[in-house]
Amino acid sequence: MKTAICPGSFDPVTLGHLDIIERAAELFDEVIVLVMSNRSKSGSLFTVEERIEFINRTIKGKNIKVDTYDGLLVDYAKQKNAVAIVKGLRAMSDFEYEFQQALTNKSLYPKVETVFLTTEGKNMFLSSSMVKEVCTLGGDISTFVPQEIINDIYERCKGDN
């Protein structure tokens, strides 16, 4: 069985994330969506547990699982005997950072490959940070995030939780 990992902070999960996850599920026997804490990003809107619950509410593939890990991604990949790390790319700036990460991961765990999937054109600009900013300022995020979680995001952005 070929297992791939789709890591990210998913704060919150967007339609762009789901596109990459679902396409990865067509390529691999098992896909693990790995919700990680990103130490370089501050101000998480949702807890890790909430993000896991949101992803579970929105994923469609039977071969997709959700997990969390607070350590080196390659250590998790070793534990799960994963053959690939799947990353979505929106722009050249994404590639530079992700390429550096891929080379680092390969040097730490030579058995894992990084697979880059390009986003659909309609999602090129989309990021969790952009969703949070638009939502906080009262904008419409209905075309950015899954309908199953939109009310949760609006409520948190308004400060109700």
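**Exercise 1. The start of helix H1**

Task: Determine which backbone atom a side-chain oxygen of Thr14 approaches at the start of H1.

Solution: At the start of H1, the backbone nitrogen of Gly16 has a side-chain oxygen of Thr14 within 3.2 Å. This and every later solution refers to a predicted model.

**Exercise 2. The length of helix H1**

Task: Establish why the distance between the end C-alpha atoms of H1 agrees with its number of residues.

Solution: Step one is to count: helix H1 covers residues 15-27, which is 13 residues. Step two is to apply 1.5 Å a residue, where the expected span uses one less than the number of residues; the helix should therefore span 18 Å. Step three is to compare: the end C-alpha atoms are 19 Å apart, which agrees.

**Exercise 3. The buried side of helix H1**

Task: Identify the buried residues of H1, and state which elements they pack against.

Solution: The buried residues of H1 are Gly16, Leu18, Asp19, Ile20, Ile21, Ala24 and Ala25. Their packing partners include five strands, namely S1 (3-8), S2 (30-35), S3 (64-68), S4 (84-89) and S5 (113-118), together with helix H2 (48-58).

**Exercise 4. Three residues compared with the cut-offs**

Task: Decide whether Asp19, Glu98 and Leu137 are buried or exposed.

Solution: A residue is buried under 20% relative accessible area and exposed over 50%.

- Asp19, in helix H1, has a relative accessibility of 12% and therefore counts as buried. Beyond its neighbours within four places in sequence, Asp19 is in contact with Glu120 and Asn123.
- Glu98, in helix H4, has a relative accessible area of 12%, so Glu98 is buried. Setting aside residues up to four places away in sequence, Glu98 touches Lys87, Leu89 and Phe116.
- Leu137, in the loop between H5 and helix H6 (150-157), has a relative accessible area of 70% and is therefore exposed. Leu137 is 50 residues from Lys87 in sequence, and their C-alpha atoms are 29 Å apart.

**Exercise 5. The largest pocket**

Task: Describe the volume of the largest pocket, the residues nearest its centre and the make-up of its lining.

Solution: The volume of the largest pocket is about 1,200 Å³. Its lining comprises 44 residues, and those nearest the centre are Pro7, Gly8, Lys87, Tyr97 and Glu98. At least two lining residues come from each of S1, H1, S4, helix H4 (92-108), S5 and helix H5 (128-136). Of these elements, H4 gives the most, with eight residues. By type, the lining holds 17 nonpolar, 19 polar and eight charged residues.

Note on methods
Residues numbered from 1 in each chain as written. Predicted model: local features only at pLDDT ≥ 70, side-chain atom pairs only at ≥ 80, totals over all residues. Heavy atoms only, no water. Helix = DSSP H or I, 4+ residues; strand = E, 2+ residues; numbered from the N terminus. Buried < 20%, exposed > 50% of the residue type's maximum accessible area, 1.4 Å probe, protein only. Contact = heavy atoms within 4.5 Å. Polar contact = N/O pair within 3.5 Å; in protein donor to acceptor, adjacent residues only side chain to side chain. 1 Å grid on protein atoms, 1.4 Å probe; cavity = no way out; pocket = protein on both sides within 12 Å on 5 of 7 lines; lining within 4 Å. Points joined across faces, edges and corners; volume = space filled by probe spheres on them. Nonpolar A, V, L, I, M, F, W, Y, C, P; charged D, E, K, R; others polar.
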